[in-house]
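Good morning, and thank you for coming. I shall take this structure in steps, beginning with one chain and ending with the cysteines.

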Amino acid sequence: MLDIPHDREYYMQMRKHINTCGTCDLALKNFEQENFKIKIYIPKPQIDNETKDNFKNEVSEIFKSLHLNEKNLLRLKIKKNIKRIDSFGIDLIEVFTSKKMITTYAFAGVLFVILKRFFN
Amino acid sequence: MARSRMNLQGTNDWPLSKKMKSIELQKFIQNISAELYSFAFILIPDDLQASQLMIDSVSVFLIQNKPLVDLWKKSSDVDLVQHSENVKRHLYKAMYELSKKRYNQLRLSFKNMEDSSGFFSLNFDDKAALFLQERTDFPLELIQFILDKTEGEILAHLYSARIFMVNFKNHVSNHNEGLGIG
C-alpha cells in the first residue's frame, strides 16, 4: 500500500477494504509507522569535491574522445582545413617544380629569345 | 545572457530559447554528479568503484544513445526539460545495468560493509528499488524503466526490502535496549 500509486485500480480496491476492516487498518498503520522510522537507515551517500572534480574532467574527456565537444570539433575542423590548404600549396609547388614544367620553362625561354630576335 | 551556461543545476535551470548543445549536455551530466554518485555508491558500496561506475555509465550512455543525443542537439527549445530528464533516466539505467554485472565480481571487497549494515545487506534489487523510492522523487514508472522490471516486481522488491528493514530496525532497538542504550 505504501508504494502503490493511488490512481491504480487495485489500490482503490485495497483502500476500500481497509476502510471497512479494522484489523487490516491497524496492521497498515503499524507498518506505516515502522516504515517511517526505517528512513533513517536508508543512506544517501554524498560525493566529495575530489571525486566531483575527477568526474567532471572524465566527462569532459569522454565528450572530446567521442567528438561531441563542439569547441574541440571546431578546432579539429580548422586544423583539417589548414592542412588541406597547406597540402594544396605543396601540390602547387610540386607541379611548378616538376620536370615537365622545367622543360616548359626552358622551351618558353628559348621561344621568347627567338621571337625577340625575330621582331627586333 | 543573464543566466550563465555554467550554472545549470538540474532540470529546472535549463536555459530557455536555445537548442541543446553538446556543451550543455556535458554540463548537465557534470552537474548531476551528486545524484549519480549516491545511486552508484548504493549499488557498489566502494568509493573508487562507485566513481568508476559513474564514468563508465556516461560512456555507455553516449555510445548507446548516439542517435538520441544527436536528435536532442537538433531539438526545439520546448523539449529541453524533457530531454534532460531523458538523459538522467538513461544514465541511471546504464549505471544499474553495469553495476549488476560488476556486483558479483566485486562483492568480496565490500563483504564487511554488507555484513555490518542493514541497508547494504539487502538483496541487490531490493536495495536499488528502496533507494530510488525513498531517496529520489522518481515515480514508479521511472523506477520500472531503470530496473527494467514490471510494476508487480518493483512492488515485491519494495515490500521485501521494507520488511527486512523493519526487522533490522527492531533488531537494532532490541540490541540497544539489551545494552541499555537509548
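Of the 182 residues in chain B of this predicted model, 53% count as buried. Chain B has nine helices and zero strands, and read from the N terminus its elements therefore run α-α-α-α-α-α-α-α-α. Among the contacts in chain B with a separation of 6 or more, 63% join residues that are 24 or more positions apart.

Let me turn to the charged pairs. Side chains of opposite charge can pair when their charged atoms come close. Over all chains, the count comes to 12 salt bridges. I shall discuss several of them.

In chain B, the side chains of K88(B) and E35(B) meet in a salt bridge, with 3.0 Å from N to O. K88(B) lies in helix α5, residues 80-106, and E35(B) lies in helix α2, residues 33-43, so this pair ties together parts of chain B that are 53 residues apart in sequence. Are the two partners buried or exposed? K88(B) is buried, with a relative accessible area of 9%, whereas E35(B) is partly exposed at 29%.

A further salt bridge in chain B joins K149(B) to D125(B), where the closest N and O atoms are 3.3 Å apart. K149(B) sits in the loop between α8 (140-147) and α9 (151-179), and D125(B) belongs to helix α7 (residues 124-135), so the pair ties together parts that are 24 residues apart in sequence. Both K149(B) and D125(B) are buried.

Chain A offers a pair within one helix. There, K29(A) and D25(A) form a salt bridge between their side chains, at 3.3 Å from N to O. These residues are four apart in helix α2 of chain A, residues 22-38, and so are separated by about one helical turn. K29(A) is partly exposed, with a relative accessible area of 47%, and D25(A) is partly exposed as well, with 22%.

There is also a network of salt bridges, and it links residues of both chains: D3(A) and K39(A) with E134(B) and R162(B).

Two members of that network, D3(A) and R162(B), appear again in the lining of the largest pocket. About 180 Å³ of space lies in this pocket. From chain A, the lining includes M1(A), L2(A), I4(A), M14(A), I18(A), A27(A), L28(A) and F31(A). Chain B contributes L155(B) and Y159(B) in addition to R162(B). The elements that give two or more residues to the lining are α1 (9-20) and α2 of chain A, together with α9 of chain B. What is the character of the lining residues, by nonpolar, polar and charged? They divide into 10 nonpolar, no polar and two charged.

Finally, the cysteines. How many disulfides does a search of the whole structure find? The search finds zero over all chains. The sulfur of C21(A) has its closest cysteine sulfur in C24(A), 3.6 Å away, which is too far for a bond, because a disulfide requires the two sulfur atoms to be within 2.5 Å. C24(A) is likewise in no disulfide, with the sulfur of C21(A) as its nearest cysteine sulfur. As for their surroundings, C21(A) counts as buried at 18% relative accessibility, while C24(A) counts as partly exposed at 32%.

Technical notes
Residues are numbered from 1 along each chain as its sequence is written. Chains are lettered from A and ligands numbered from 1 in the order in which they are written. This is a predicted model: local features need pLDDT of at least 70, side-chain atom pairs count only at pLDDT 80 or more; totals for chains, interfaces and linings use all residues. Side-chain values use heavy atoms; hydrogens and water are left out. A salt bridge is a side-chain nitrogen of Lys or Arg within 4 Å of a carboxyl oxygen of Asp or Glu. Buried means under 20% relative accessible area, exposed over 50%, partly exposed in between (1.4 Å probe, protein chains only). On a 1 Å grid over the protein atoms alone, a cavity is a set of points where a 1.4 Å probe fits but cannot get out, and a pocket is an open set with protein on both sides within 12 Å along at least five of seven lines; lining residues have an atom within 4 Å of a point. Grid points are joined across faces, edges and corners, and a volume is the space filled by probe spheres set on the points. Ala, Val, Leu, Ile, Met, Phe, Trp, Tyr, Cys and Pro count as nonpolar, Asp, Glu, Lys and Arg as charged, and the others, Gly among them, as polar. Contact means heavy atoms within 4.5 Å.
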